[in-house]
Amino acid sequence: MKGLKDKVVLITGGSRGLGRAMALGFAGQGAPIAIVSRKLEVCQETAAEVEALGVSAFPYACHVGHWQELDTMVDAVYERFGRVDVLINNAGMSPLYESLDQVSEDLFDKIIGVNLKGPFRLSANVGARMMRGDGGNIINISSTASVRPSPNAEPYGAAKAGLNAITQSFASAYGPRVRVNCIMAGPFLTDISKAWDMESFKRQAERTIPLKRGGQPEEIVGAALYLASDEASFTTGALLAVDGGNH
Ligand SMILES: NC(=O)c1ccc[n+]([C@@H]2O[C@H](COP(=O)([O-])OP(=O)(O)OC[C@H]3O[C@@H](n4cnc5c(N)ncnc54)[C@H](OP(=O)(O)O)[C@@H]3O)[C@@H](O)[C@H]2O)c1
């Protein structure tokens, strides 16, 4: 991909799953990475994998639902690397609940905090700095649950629909210097899928997913590299489904 070498990438939820796969994918292009999640040790493990590829990594512990922590984290990343060229809002969570009337206010706020509030604040803060600097790219990792919400994950679907919306509004607000795009992920086999009934998932995949399976984390990397690269220079505000055709 053109234009990624030496670009500084900040990825939330970069320690595991899709985030780890994207961190290694960008590192493979020669891009230094700030890897952010709650657990520093796990960020450090992924940072060591990135550094083994010959590029710098900056592991940092932060809760993306906590606005003030985000601002402190962004200051630390700018202090370490001097710039951010690509922000990937990837951290997310979709906790299970018994029934809709059992969803507590705390759980609702946490889901909105991690999946929507955090990405909003990071996009606003880092995007404004990109505008004042050399421009950049923001990629939001949403879900197909944003357009086909399930009753089993209602606050999550609503939060991700909000993430789609802010993708398009930030694309307008920060264009043309900053491009803002979104990947709507379908079912991927990460730690999230450990809570699924795999036999029933396989039967459902056979019926409803044209590619008839869940994705492997590495299968999101090409889309992220493309959106961040100069190859996507006329693409902003896009919602790209990477979901095995499951729509
Ligand atoms: N896997 C799927 O089927 C699927 C489908 C659609 C969309 N997605 C979306 O894709 C993204 C990545 O999912 P994944 O499957 O890779 O999940 P995962 O394997 O559970 O990894 C989640 C990552 O986010 C971090 N994280 C979670 N809560 C956080 C918080 N409050 N603050 C900071 N970091 C936090 C985790 O690290 P710590 O635990 O250290 O914080 C971890 O690095 C999410 O936005 C998810 O909604 C996934």
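**Strands, helices and a ligand shell**

Trainee: Which handedness does the β-α-β unit made by E4, helix H4 and E5 have?

Mentor: In this predicted model, strand E4 and strand E5 are linked through helix H4, which spans residues 105–132. The β-α-β unit that these three elements make is right-handed.

Trainee: Through which helix does the chain cross from E5 to E6?

Mentor: This crossing is also a β-α-β crossover, and it is right-handed. The helix between E5 and E6 covers residues 154–174. Its name is H5.

Trainee: How many bridges join strand E4 to E5?

Mentor: Strand E4 comprises residues 86–89 and runs parallel to E5. Within this pair, leucine 87 stands opposite isoleucine 138 of E5. The number of bridges joining E4 to E5 is four.

Trainee: How many bridges pair E5 with strand E6?

Mentor: E5 and E6, the latter being residues 178–185, pair in the parallel sense. Asparagine 140 has cysteine 182 of E6 as its bridge partner, and serine 143 has alanine 185 of E6. The count of bridges between E5 and E6 is eight.

Trainee: In E7, which residue is the bridge partner of alanine 185?

Mentor: E6 also pairs with strand E7, residues 239–242, in the parallel sense over four bridges. On the E7 side, the bridge partner of alanine 185 is valine 242.

Trainee: How many of the residues of strand E5 are buried?

Mentor: Strand E5 runs over residues 136–143 and is mostly covered. Gly136, Ile138, Asn140 and Ser142 point one way, while Asn137, Ile139, Ile141 and Ser143 point the other way, and both groups are buried. In a regular strand, side chains alternate between the two faces of the sheet. The number of buried residues in E5 is eight of eight.

Trainee: Which residues of E6 point the other way from Val178, Val180, Cys182 and Met184?

Mentor: E6 is mostly covered, with eight of its eight residues buried. Val178, Val180, Cys182 and Met184 point one way from E6, and the residues that point the other way are buried too. Those residues are Arg179, Asn181, Ile183 and Ala185.

Trainee: Is serine 142 buried or exposed?

Mentor: Serine 142 is found in strand E5. It touches Lys160, Leu163, Asn164, Cys182, Ile183 and Met184, leaving aside residues up to four places away in sequence. Because 29 other C-beta atoms lie within 10 Å, and 20 or more are required, serine 142 counts as buried.

Trainee: What separation do the C-alpha atoms of serine 142 and leucine 239 have?

Mentor: Along the chain, serine 142 and leucine 239 are 97 residues apart. In space, their C-alpha atoms are separated by 8.7 Å.

Trainee: Is arginine 213 buried or partly exposed?

Mentor: Arginine 213 lies in the loop between helix H6 and helix H7. It touches Ala205 and Gly244, not counting residues up to four places away in sequence. With 13 other C-beta atoms within 10 Å, arginine 213 falls between the limits of 12 or fewer for exposed and 20 or more for buried, so arginine 213 is partly exposed.

Trainee: How far apart in space are arginine 213 and alanine 228?

Mentor: In sequence, arginine 213 and alanine 228 are 15 residues apart. From C-alpha to C-alpha, their distance in space is 27 Å.

Trainee: Why are the buried residues of H7 on the same side?

Mentor: The buried residues of H7 are Val221, Ala224, Leu225, Leu227 and Ala228. They lie on the same side of H7 because the arc that they cover around the axis is only 165°.

Trainee: Which elements do the buried residues of H7 pack against?

Mentor: The residues concerned include Leu225 and Leu227 of H7. The elements against which the buried residues of H7 pack are H1, E4, E5 and E6.

Trainee: Which element gives the most to the shell around the ligand?

Mentor: Of the 29 residues around the ligand, Gly13, Gly17, Ser37, Arg38 and Gly92 come nearest. The shell divides into eleven nonpolar, 14 polar and four charged residues. Helix H1 and E5 each supply at least two of its residues. The element that gives the most, with three residues, is H1.

Trainee: Which residue does a cis peptide bond join to glycine 175?

Mentor: The omega angle of this bond is about 0°. The partner of glycine 175 lies in the loop between H5 and E6. That residue is proline 176.

Key:
Residues are numbered from 1 along each chain as its sequence is written. This is a predicted model: local features need pLDDT of at least 70, side-chain atom pairs count only at pLDDT 80 or more; totals for chains, interfaces and linings use all residues. Two strands pair if DSSP finds at least two bridges between them. A crossover is right-handed if, with the strands pointing away from the viewer, the path from the first strand over the helix to the second runs clockwise. Two residues are in contact if their C-beta atoms, placed from the backbone, lie within 7 Å. A residue is near a molecule or strand if its C-beta atom, placed from the backbone, lies within 6 Å of it. Ala, Val, Leu, Ile, Met, Phe, Trp, Tyr, Cys and Pro count as nonpolar, Asp, Glu, Lys and Arg as charged, and the others, Gly among them, as polar. The arc is that of the directions from the helix axis to the C-beta atoms.
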